[in-house]
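Colleague: Please take a close look at the open space in this model and at the part of the chain that contributes most to its walls. I would like one connected account, working outward from there to the surroundings.

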Amino acid sequence: MKLRIVPASSGLNWMRQGLQVLRRQPMNFMGLVGMLIGAALLLATLPLLGPLLVVGVMPVVWMGFMLATRRTIVGERVTPGVLIEAVRAPDAPRKTFLQLGGAYIAAVQLMMLLASWVGPGAEAVADAMAAMQDSTELVVSPVVLEDMLWRMALLMPVSLVFWHTPALVLWARLPVGKALFFSAVATWRNLGAFVVYGLCWLGALFTLGLLDRLLLSAIPVPVLANALAFAGALGLAGAFYASLYFSTVDCFESPQAGQEEGTLPLS
C-alpha cells in the first residue's frame with residue numbers, strides 16, 4: 001500500500017465517476033440508499049442506543065457502497081446484501097470494524113458536545129423550534145442555522161479522518177489506529193482534491209434544490225412533484241456513495257500488480 005498524491009481536479013473526476021456508476025445501475029443504487037434511510041429511521045426509534053447504532057454502522061455501509069461500485073465496474077449486478085458484505089465473509093475483520101464503529105461513535109459524539117458548547121446550545125435551538133409557526137421557518141432561523149453550521153464544521157474533519165478507513169481495514173487489513181493514521185495523511189496530502197470534491201457535491205445539492213422548487217411550481221400535483229424530487233435526491237445520494245470508491249482508491253496504490261481480494265485495488 002502506497003500513498004498517491006492527486007491533483008485538485010481529481011475531485012471533479014470522482015464526482016463524474018460516481019454519476020457514471022449510477023447511470024449503469026440507477027435503480028439498484030437508489031434502492032440501496034432507500035434501504036439505508038429506512039434502516040436508519042427504524043434504528044433511530046430505539047431509545048438512546050438507536051442513534052448510536054446508526055452512527056456506528058456507517059463505516060460498514062460506506063464499505064458496502066464501495067463494493068457495490070466495484071461490482072458495477074466489472075459488470076456485476078448489485079444486490080442489497082452488498083451493504084453488509086464487508087462483515088459477512090468468514091474471514092471478515094468483524095472485530096476491527098466493530099472497533100472502527102466505536103471510534104466513529106466516540107468522535108461524532110465528541111463533536112456534537114463541542115458544537116453544543118460553542119454554538120447556541122440545545123436549549124436555544126429547542127426554544128427557537130418551539131416558537132416557529134411553520135416548518136418553512138426552520139431554514140431561516142438564525143439559531144437553527146448557526147447550530148447546523150457548527151455541527152457541519154466540526155463533523156467535516158472527523159469525516160475526512162475516517163474517510164479511507166473502511167477500505168484500509170477490509171482490503172489492506174490494517175488495525176484501526178493505523179487505518180486512521182493513513183486515512184488522515186492521505187486526506188491531508190490530497191486536501192485540494194477533497195475541497196473540489198466537496199464543492200462539486202454542494203453545487204449539485206444546490207442545483208437539486210432549485211429543480212425541486214421548479215417542479216413544485218410547474219407541476220400542479222404536489223404529491224407527484226415531491227415524488228420526483230425525492231427520486232432525484234435518492235439518485236444524487238446514490239451517485240455520491242458510489243463516488244466514495246474512486247475517492248479512496250485514487251489516493252492509494254497497491255504494491256501488488258494484481259487485484260486480488262484483500263489488497264487495495266486500483267481504479
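**Helix α11 and the pocket it lines**

Modeller: In this predicted model, the natural place to begin is helix α11, since the largest share of the lining of the largest pocket, ten residues, comes from α11. The pocket itself encloses about 1500 Å³ of space, and its lining is made up of 37 residues, among which M152, M156, S159, W163 and F240 lie nearest the centre. Besides α11, which runs over residues 191-218, the elements that give two or more residues to this lining are α2 (26-44), α3 (49-56), α4 (58-73), α6 (94-118), α8 (142-162) and α12 (222-249). In chemical character, the lining of the largest pocket divides into 32 nonpolar residues, four polar ones and one charged one.

For setting this space in context, the next pocket in order of volume is useful. The second largest pocket has about 420 Å³, and of the 22 residues that line it, G56, V57, V60, V61 and I84 are the closest to its centre. At least two lining residues come from each of α2, α3, α4 and α6, and the largest share, six residues, belongs to α6. The lining of this second pocket consists of 18 nonpolar, three polar and one charged residue. The helices α2, α3, α4 and α6 are thus named for the second largest pocket and also appear in the list for the largest one. As a general remark on such searches, rolling a probe the size of a water molecule over the atoms shows where empty space is left.

Returning to α11, this helix also contributes to the outer surface. A nonpolar patch there is formed by W188, L191, V195, L199, L202 and L205, which together present about 640 Å² of accessible area, and the largest share of the patch, five residues, again comes from α11. W188 is found in helix α10, which covers residues 176-189. With a relative accessibility of 63%, W188 counts as exposed, because the limit for that class is over 50%. V195, by contrast, is found in helix α11 and counts as partly exposed at 44% relative accessibility; this value is enough for the patch, because its residues need over 30% relative accessible area. From V195 there is also a link in space to a distant part of the sequence: V195 and L12 are separated by 183 residues along the chain, yet their C-alpha atoms are 9.8 Å apart.

The wider fold gives this helix its setting. The chain has twelve helices and two strands, and from the N terminus on the order of the elements is β-α-α-α-α-α-α-α-α-α-α-α-α-β, with a strand at the start of the series and another at its end. Of the 267 residues in the chain, 40% count as buried.

The last topic is the charged contacts, of which a search of the whole structure finds three that qualify as salt bridges. In one of them the side chains of R4 and D250 meet at 3.7 Å, N to O, and this pair links distant parts of the chain, with R4 in the loop between β1 (2-3) and α1 (10-24), D250 in the loop between α12 and β2 (252-253), and the two positions 246 residues apart. R4 counts as partly exposed at 21% relative accessibility, whereas D250, with a relative accessible area of 18%, is buried, because the buried class takes values under 20%. The side chain of R4 also meets that of E253 in a salt bridge, with a distance of 3.7 Å from N to O. Here E253 lies in strand β2 and R4 in the loop between β1 and α1, so the pair ties together parts that are 249 residues apart in sequence. E253 is partly exposed, its relative accessible area being 29%.

The remaining salt bridge joins R71 and E85, whose closest N and O atoms are 2.5 Å apart. This pair links R71 in helix α4 with E85 in helix α5 (residues 85-88), at a sequence separation of 14 residues, and E85 counts as partly exposed at 23% relative accessibility. Through shared partners, salt bridges join R4, D250 and E253 into one network.

Technical notes. Residues numbered from 1 in each chain as written. Predicted model: local features only at pLDDT ≥ 70, side-chain atom pairs only at ≥ 80, totals over all residues. Heavy atoms only, no water. 1 Å grid on protein atoms, 1.4 Å probe; cavity = no way out; pocket = protein on both sides within 12 Å on 5 of 7 lines; lining within 4 Å. Points joined across faces, edges and corners; volume = space filled by probe spheres on them. Helix = DSSP H or I, 4+ residues; strand = E, 2+ residues; numbered from the N terminus. Nonpolar A, V, L, I, M, F, W, Y, C, P; charged D, E, K, R; others polar. Patch = residues over 30% accessible without salt bridge, like charges linked within 9 Å, V, L, I, M, F, W, Y side chains within 5 Å. Areas by Shrake-Rupley, 256 points an atom, 1.4 Å probe, with all protein chains shown as cover. Salt bridge = Lys/Arg side-chain N within 4 Å of Asp/Glu carboxyl O. Buried < 20%, exposed > 50% of the residue type's maximum accessible area, 1.4 Å probe, protein only.
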